[in-house]
Amino acid sequence: MSVTSGRGKSKVVARRRKSTASAAVRAKPAMMPSGRVIKAPGVLLQDLDGEAVLLNLGNEQYYGLDAISFRMYKLLVSSISIQAAYERLLQEYDVAPDQLRKDLQAFLEHLRENGLVRRVDDGPRSA
Amino acid sequence: MRLAQVRSAEDSDRHVSMEPEKATLLILNLLRIPAGATQVRQRWDFSASDWQQLAESADQLGVAPLLYFELRKAGRERDVLTSALQDLQRSFHQNAARNLRLYHELAAVLSRLDGLHVPVIVLKGAFLASEVYVNPALRVMSDLDILVPPHDVPAALEALKGLGYGLLIPPWINVGWHVEVASPDCLAHVEIHWQLNAPSKYHDLPVEDVWRSARPARIAGADVSALPPEELVIHLCYHTAVLHLYRQGLRSLADIDRTVRRYKSSLNWQEVTALSLARGLHKVVALTLHLCRQHLDTPVPDSTFQELHCAKIDSNIEQTALRQISSGPGAIESFPAGLWRVLSEESPMGKAGMLVKYIVSPARTAYQLPRAQSRIMAVYYVLRRAMYLMQSYGRTILLLLRPVTRDAQGAGVNLHFLHWLAS
């Protein structure tokens, strides 16, 4: 995973999982923070055929997302909860649950610190 | 392990820099769109320093985002030096963010103009990124260019002032067919055009024809107009060759290549040639299309060159154009391309006459702007423009006014090349 911005870069190695059967065996989900997140107002997103860029109009900072971090971002802002996004990522990528939890929490913290997402603590959305 | 990484150690103490023209040709080669799945995967044997220089040159020549995208699309990321690829990716993301910001601004501008019923043709980057490249991250944009009918210029200016925009430079510095304004935070510059070409006795792009043939488009969420493909090809050729003397890097060639491919099925080449001939642009269009076909495999039919009376392009002319491209966009600021054209006249009297025209025509346009609707202001603008040009470029102007000036030494513009383009 790679997020580039004016404030540096974080890297986590993860590979997209090829076999969903092995995912079921290895995945032991950890608990993530409760609630869900949405894209913050004043943030523009540009899908770049797999990668993406987020632009915060509030501070004019941009954040480049590579394919993995963009997938994480998309799941975070579209899932009914952070936990659901985490479980989905665990299914999709060949990564240890604890490692993914740490990566996802760090990523979420980075997004929140930079005003790119807003936390909504009202639990899962109704269908 | 990648070849480039293996070679990096032995290259680290060998700081041999690549010739700019060689870097330009290599980047053009990397940008060639593969002819299909059957194309042989070309092996690259670039050193680490070569890769680094290619990444830097691609950035300077305005095609770093496009190069990154093409490398990624072809699945060749692993064949590129990691740090060079990261530089290219950074350019790609930066450009995407910048264009995102510009389109956000354009949406507000177009909405305001639509509210005032001012018709707009979206020109150059904003149109190309959205409609030709389709992926708005691929085309580097420095500003937003819109064309409005001449009588709507004051209304458009007032509309943008209502959004907080202000004149970026004094009107006497403007070149006579557009006015440049900047957003309150200076992050977005908008050029409001009312003509497509600089005043010239050689070339003309009648704006009435352009409005007549304009077609609908949807850009930045607004219903606007756009140039038809034939006018677009001619305008792009004119812009890069005549206005910028090819010093816009590779971006312009990529624009034309993508435009031809995008509208390949509907592009009427006979109309392109007929319009180019009628406007005195046949050599300009032929040379530019030749460069695209030669270096990017742009699908231009042979018959087009024959009809443009340029079936064969002089290799010296082609080499000069490539040198101009390789010199990059930075050099254009050193001396206005318009002045080069003016001063490429053969006789001293011809030069002086064109120089007067170059000074007076834009000042007359400034006179038509809302703030300058009196004769006194018109005279003031003419004097200020003459002073500005002499202060900024006086020494070079005096040098070029001399009768025997075959080559503009030090500035790298070959007057023979200018004469060829104009003839």
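This briefing covers the cores, the chain contact and the salt bridges of the structure above.

The model is predicted. Its largest nonpolar core has 124 residues. Chain A and chain B meet over a buried area of about 1500 Å². A search of the whole structure finds 22 salt bridges over all chains.

**Nonpolar cores**

- In soluble globular proteins, nonpolar side chains tend to be buried together.
- Within the 124-residue core, B:Ile192 and B:Leu287 have the most contacts. Helix α5 of chain B, residues 82–115, gives the most to this core, with 13 residues.
- Another core lies apart from it and has 28 residues. Among them are A:Ile68, A:Phe70, A:Leu104 and A:Leu108.

**B:Leu287 and B:Leu421**

- Neighbours within four places in sequence are left aside here. B:Leu287 is then in contact with B:Tyr246, B:Ile313, B:Ile317, B:Glu318, B:Ala321, B:Phe417, B:Trp420 and B:Leu421.
- One of these partners, B:Leu421, sits in helix α18 of chain B, which covers residues 415–422.
- B:Leu421 has a relative accessible area of 4%, so B:Leu421 counts as buried, the limit being under 20%.
- Beyond residues up to four places away in sequence, B:Leu421 touches B:His203, B:Ala241, B:Lys283, B:Val284 and B:Leu287.
- B:Leu421 and B:Glu231 are 190 residues apart along the chain. Their C-alpha atoms are separated by 19 Å.

**Where chain A meets chain B**

- On chain A, 18 residues are in contact with 19 residues of chain B.
- Of the area buried between the two chains, 58% is on carbon and sulfur atoms.
- A:Leu48, A:Glu51 and A:Tyr62 supply 35% of the area that chain A buries against chain B. That is more than any other three residues supply.
- Between the chains there are 2 salt bridges. There are also 7 residue pairs in polar contact, with both residues at pLDDT 80 or more.
- Four elements of chain A give two or more residues to the side that touches chain B: β2 (8–11), β5 (43–48), β6 (51–56) and β7 (61–65).
- By class, that side of chain A has 9 nonpolar, 3 polar and 6 charged residues.

**A salt bridge across the chains**

- Side chains of opposite charge can pair when their charged atoms come close.
- What separation do the closest N and O atoms of B:Arg72 and A:Glu51 have in their salt bridge? They are 2.9 Å apart.
- The pair crosses from helix α4 of chain B (residues 64–73), which holds B:Arg72, to strand β6 of chain A, which holds A:Glu51.
- Are B:Arg72 and A:Glu51 buried or exposed? B:Arg72 has a relative accessible area of 15% and is buried. A:Glu51 is at 5% relative accessibility and also counts as buried.

**Salt bridges within chain B**

- B:Asp297 and B:Arg32 meet through their side chains in a salt bridge, at 2.6 Å from N to O.
- B:Asp297 lies in the loop between α12 (282–296) and α13 (302–307) of chain B, and B:Arg32 in the loop between α2 (20–31) and α3 (48–60) of chain B. The pair therefore ties together parts that are 265 residues apart in sequence.
- B:Asp297 counts as partly exposed, at 40% relative accessibility. B:Arg32 is partly exposed as well, with a relative accessible area of 28%.
- B:Arg76 forms a salt bridge with B:Asp79. The closest N and O atoms of this pair are 2.5 Å apart.
- B:Arg76 counts as buried, at 9% relative accessibility, whereas B:Asp79 is partly exposed, with a relative accessible area of 29%.
- A network of salt bridges links B:Glu70, B:Lys73, B:Asp257, B:Arg258 and B:Arg261.

**A loop residue in chain A**

- Where is A:Ser81 found? A:Ser81 is in the loop between α2 (67–78) and α3 (82–92) of chain A.
- A:Ser81 has 14% relative accessibility and counts as buried, because that value is under 20%.
- Not counting residues up to four places away in sequence, A:Ser81 touches A:Gly35 and A:Arg36.

How values were computed:
Residues numbered from 1 in each chain as written. Chains lettered and ligands numbered in written order. Predicted model: local features only at pLDDT ≥ 70, side-chain atom pairs only at ≥ 80, totals over all residues. Heavy atoms only, no water. Core = buried A, V, L, I, M, F, W, Y, C linked by side-chain atoms within 4.5 Å. Buried < 20%, exposed > 50% of the residue type's maximum accessible area, 1.4 Å probe, protein only. Contact = heavy atoms within 4.5 Å. Buried area = accessible area lost by both parts, 1.4 Å probe. Salt bridge = Lys/Arg side-chain N within 4 Å of Asp/Glu carboxyl O. Polar contact = N/O pair within 3.5 Å; in protein donor to acceptor, adjacent residues only side chain to side chain. Nonpolar A, V, L, I, M, F, W, Y, C, P; charged D, E, K, R; others polar.
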